[in-house]
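Please follow the account below with the sequence and the coordinates at hand. It proceeds from aromatic contacts to sheets and then to internal space.

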Amino acid sequence: MKRTGGMFVLALLAGSGVVAAGCEKSDATSRSSSADVIDVSSGSEISLAVRGGIGPIISGQTLMKATVTMTDLELVADSGSTALSGNSFTVQLLMLQNELGQLFSQQSVKAGHYTAMRFRLKSASVETQDVNGALTVYASPKADRSQFAKGARVKTLDLGGLDSDGLAKCALAPGGIVVSGASSLAVQFALAQSLAAPSRGDWVLTPACWLVDQSTYASLDVEFEPADGASSADQDLSHDFQVMLLDSNMWPVSEVPIAASTTQSAATYGAHFADLAAFQGPFVAALIPPVDYALQSGVAFSVDLKPSASCSASISNTSLQVVSDRLLDVATDDHCSVVQRDGHGHVLAKTSQPIGPVEDVAPKTQAAIPQLPGNPAPM
């Protein structure tokens, strides 16, 4: 596995169901889900945020920005729709790959049973940089061109999956959502599953969005600890190493730099992933080397997160060595310890997960991505 220009090449994973450049859609997206609803009780209020993600792996290109502008947010019911906000919101999805961006707070909502949320997608743009540093912006017709990088080529970005009014729908997470009193929800905009980047022709953005109850989000901490008797100086992973998280369909979710811990006496290194939707799992966490380096052997593990859980995975790291000019060997134990806890700190599950190359630890089953009732998957 080699990291190049801020991304990494997944060609070696082609036999394990990984989607690489070209952005083919997973078979899991054709599965149907139950007609869950948003059950809103009388006098309730909603706060709404958005969570983005990183884009698909595109050969020879690094995604620098991905911006969408949405407006006219509303809840959809069989009897009609209820407006949430008519304001215009511009969000940078790459900046929100591991956090939430607040859209509005405490909006009163009419009681009822709603099947989806929808919004008008006014515009979108995606900025990329190739291996030579050249910038290209793919933009929809109404995108704000004053925000584009100077000197960038501008190409067309088509918007797909919208109705005749330019509206995109957000499917519901499994189990539906109960809104009682003050509730915080989030639109999860899965950029990797939304952006199709063919080698020839225009790029296409078809919003793959889900509405999620924020209280059900999980978190994951990946911690590397020096093995007993090993020198911590030989396992410093805080210099340009990252951990990439992929969902069970092998779509990238987010990439977080490894940082040294300052809260423990022993030298440990780790990455924190927040606001994860458990239905996208089992997840795969993979160690990514510095740009232009490759790992002699992959360091990855799989974990099936529980809703609302806080999960930590501890990996015993025995050594970090330069094998040759651009080849690194990160040696670890063959298993990691995974502990999941609820909001009160009570242990929900303890497991031991094998560590190895991504293709060896990848989930055998793919996630049933939420889709709109009675409609094809929003992919």
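A residue is called buried when its relative accessible area is under 20%, exposed when that value is over 50%, and partly exposed in between. The structure discussed here is a predicted model. Phe 279, with a relative accessible area of 17%, is therefore a buried residue.

Phe 279 belongs to one of the two aromatic pairs that the structure holds. The other pair may be taken up before it. Tyr 138 and Trp 203 form a stacked aromatic pair, with 3.8 Å centre to centre and 10 degrees between the planes. This pair links distant parts of the chain, since Tyr 138 lies in strand 11 (residues 135-139) and Trp 203 in strand 17 (residues 203-205), 65 residues apart. Tyr 138 has a relative accessibility of 6% and therefore counts as buried. Trp 203 likewise counts as buried, because its relative accessibility is 4%.

The partner of Phe 279 is Trp 210, and the geometry of their aromatic pair is edge-to-face: the centres are 5.7 Å apart and there are 85 degrees between the planes. Trp 210 is part of strand 18 (residues 209-213), whereas Phe 279 is found in the loop between strand 23 (269-276) and strand 24 (283-288), so the pair ties together parts that are 69 residues apart in sequence. Trp 210 counts as buried, because its relative accessibility is 0%. A further contact with an aromatic ring concerns Tyr 293: the charged end of Arg 326 sits over the ring of Tyr 293, 4.8 Å from its centre.

Strand 24, which bounds the loop that holds Phe 279, also leads to the next topic. Strand 24 is a member of an open sheet of four strands with the order 21-20-24-26, in which the pairing is antiparallel. Strand 21 (252-257) and strand 26 (300-303) are the edge strands; each has a single partner strand, so one side of each is left without a neighbour in the sheet. On average, neighbouring strands of this sheet are turned by 20 degrees against each other, direction ignored.

How is strand 20 placed with respect to the rest of the structure? Five of the five residues of strand 20 (residues 242-246) are buried, so this strand is largely enclosed by the rest of the structure. Both of its faces are covered, with Gln 242, Met 244 and Leu 246 buried on one side and Val 243 and Leu 245 buried on the other.

The pairing of strand 20 can be traced through Val 243. Strand 20 is joined to strand 21 by five bridges in an antiparallel arrangement, and here Val 243 stands opposite Val 256 of strand 21. These two strands form a hairpin with five residues between them, and Met 250 in the turn has a positive phi of about 65 degrees. Strand 20 is also joined to strand 24 by five bridges, again with the strands running antiparallel; in strand 24, the bridge partner of Val 243 is Leu 287. The sheet continues from strand 24 to strand 26 through four bridges, antiparallel as well, and Ala 285 stands opposite Phe 301 in strand 26.

Strand 21 also takes part in the lining of a cavity. How many cavities of 30 Å³ or more does a search of the whole structure find? The search finds three, and the largest has a volume of about 90 Å³. The largest cavity is lined by 16 residues, of which Ala 190, Leu 191, Pro 252, Val 253 and Gln 280 lie nearest its centre. The elements that give two or more residues to this lining are strand 15 (182-189), helix 1 (191-194) and strand 21. Helix 1 supplies the largest share, three residues.

Another sheet has a mixed pairing: three strands form an open sheet in the order 9-3-14. Its edge strands, strand 9 (112-114) and strand 14 (177-179), each pair on one side only. Neighbouring strands of this sheet are turned by 15 degrees against each other on average, direction ignored. Strand 3 (residues 38-40) and strand 9 pair in the antiparallel sense over three bridges, and the bridge partner of Val 40 in strand 9 is Gly 112.

Finally, Ser 352 is located in strand 30 (residues 347-354). With a relative accessibility of 48%, Ser 352 counts as partly exposed. Ser 352 and Cys 336 are 16 residues apart in sequence, and 5.6 Å apart in space from C-alpha to C-alpha.

Methods:
Residues are numbered from 1 along each chain as its sequence is written. This is a predicted model: local features need pLDDT of at least 70, side-chain atom pairs count only at pLDDT 80 or more; totals for chains, interfaces and linings use all residues. Side-chain values use heavy atoms; hydrogens and water are left out. Rings of Phe, Tyr and Trp (its six-membered ring) pair if their centres lie within 6.5 Å; planes under 30 degrees apart count as stacked, over 60 as edge-to-face and the rest as tilted. Buried means under 20% relative accessible area, exposed over 50%, partly exposed in between (1.4 Å probe, protein chains only). A charge sits over a ring if NZ of Lys or CZ of Arg is within 6 Å of the ring centre and within 35 degrees of the ring normal. Two strands pair if DSSP finds at least two bridges between them. Axes are lines fitted to C-alpha atoms, for helices over the stretch in contact, and angles run from 0 to 180 degrees between N-to-C directions. On a 1 Å grid over the protein atoms alone, a cavity is a set of points where a 1.4 Å probe fits but cannot get out, and a pocket is an open set with protein on both sides within 12 Å along at least five of seven lines; lining residues have an atom within 4 Å of a point. Grid points are joined across faces, edges and corners, and a volume is the space filled by probe spheres set on the points.
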